[in-house]
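User: I have a model to go through with you. I want the reasoning behind each label, not just the label.

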Amino acid sequence: MTTIIRNVFIGLSNSKFLNSQAKKWGFFLGADKFVAGTTISGVVETVKELNAKGISCTLDNLGEFAVDKQEATEAKAHILEILNAIDNEQLDCHLSVKLTQLGLNLDQQFCIDTMKDILEVAERYDIFVNIDMEHYSYYEMTLDVLDALREQYNNVGTVIQSYLYRAVDDLARLNNVRIRIVKGAYKEDSDVAYQDNQDIDRHFITLAKHRLLGDTFTSIATHDHRIINELKTFVDEHGISTDRFEFQMLYGFRNDMQEKLAREGYPFCTYIPFGRDWFGYFMRRLAERPQNINLMLKDALYT
Ligand code: FAD
């Protein structure tokens, strides 16, 4: 049953029609609990509040699958405004981007050039830019774009999904690149990805421990307290310095735990999505966790 529900919401997240309609409708179904508004000035205030609690942030200008180069160029312009705001306000904040928002689905070289314009400005402001990992059909292309960018820029990294069998090899190849480790949010075939949650969790822990013993910075992105607790123990036992890793969670999820980890002295970063293009992101969050669907239903009934 859970698998059916998950597949339904993943299916909805890919609907071009619903994604474009939702941009016009604005937030509903409780999406505002997980998406920090639509304006840069608004999200800047959210970042300031979290920074005041010792939490750093990464901003995601919501959107994926640009329909043409004009739309991708508009997304780039918005991202450059976000970089200016981070610098002007001196926020403890970096950026997360999805390459299909910047034209990867249209023209790979165009996407590389667009990313270079972003990284040029980000480098000037000393801001790190992380490339989110999308569906497996974009995986190779994303790594190719990363390689091309890394020839010129050091302020860029990406995400490794523990549901992929090949994650160990890719992580080894990217051993000098800043990486975020996640479980993986998309529906993938069994020829490329583990389907069983226990396998995915075990793989996550193996990947994270391997990285923590290395020298390059790693973001451990999960809401799973069992994984977090095991890695906290590992970090203590191996005397791993807190400048080598951080925990990350999504905005609106387990807020108490986010603040507690920061209070305990662990480096913590909240991933904050914002913008009008919220539908696909929100549907993937519903696919992950049936309790989020309950929240949505309550919101639909009582608002
Ligand atoms: P789950 O498997 O969802 O949950 C494990 C257990 O944790 C649950 O059984 C429950 O006991 C507990 N738990 C989880 N959530 C809650 C909650 N809200 N309240 C109480 N208990 C809870 N995916 C990608 O494919 N590409 C990306 O680029 C990407 N970036 C991400 C960035 C960040 C910062 C994060 C946190 C996730 C990102 N993801 C990304 C999504 C990720 O792949 C997972 O789909 C998502 O994080 C759900 O998995 P989980 O690790 O949180 O644990």
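The exchange below covers a strand, its neighbours, the ligand shell and the two domains.

Analyst: One caution before we start. This is a predicted model.

User: What makes S7 largely enclosed by the rest of the structure?

Analyst: The burial count. A residue is buried if 20 or more other C-beta atoms lie within 10 Å of its own. Five of the six residues of S7 meet that mark, so the strand is largely enclosed.

User: How do you know that S6 and S7 pair?

Analyst: Pairing needs at least two bridges found by DSSP. S6, residues 218-221, and S7 share four bridges, so they count as paired. The sense is parallel. Ile 220 stands opposite Phe 247 in S7.

User: Why is the crossover from S6 to S7 called right-handed?

Analyst: The chain leaves S6, passes through helix H9 (residues 225-237) and enters S7. The test looks along strands pointing away from the viewer, and a clockwise path over the helix is right-handed. This β-α-β crossover is assigned as right-handed.

User: What makes S7 and S8 a pair?

Analyst: The cut-off is at least two bridges. S7 and S8 (residues 268-274) have four, in the parallel sense, so they pair. Leu 250 stands opposite Tyr 271 in S8. The chain gets from S7 to S8 through helix H10 (residues 255-263), again by a right-handed β-α-β crossover.

User: Which residues come nearest the ligand?

Analyst: Asp 132, Val 182, Ala 185, Thr 222 and His 223, out of 21 residues around the ligand. Strand S4 (156-161) and strand S7 (245-250) are the elements that each give two or more residues to this shell. S7 gives the most, with three residues.

User: How does the shell around the ligand divide by residue type?

Analyst: Into ten nonpolar, five polar and six charged residues. Gly counts as polar in this scheme.

User: Where do the domain bounds fall?

Analyst: Domain 1 is 1-35 + 278-303, and domain 2 is 36-275. Their centres, taken over C-alpha atoms, are separated by 22 Å.

User: What makes the two domains count as touching, and how many residues take part?

Analyst: Contact needs C-beta atoms within 7 Å. Ten residues from domain 1 and twelve residues from domain 2 take part in the contact. On the side of domain 1, helix H1 (2-13) and helix H11 (279-288) each supply at least two residues. H11 has the largest share there, four residues. That side divides into five nonpolar, two polar and three charged residues.

How values were computed:
Residues are numbered from 1 along each chain as its sequence is written. This is a predicted model: local features need pLDDT of at least 70, side-chain atom pairs count only at pLDDT 80 or more; totals for chains, interfaces and linings use all residues. A residue is near a molecule or strand if its C-beta atom, placed from the backbone, lies within 6 Å of it. Domain bounds come from an automatic or database domain assignment. A residue is buried if 20 or more other C-beta atoms lie within 10 Å of its own, exposed if 12 or fewer, and partly exposed in between; C-beta atoms are placed from the backbone.
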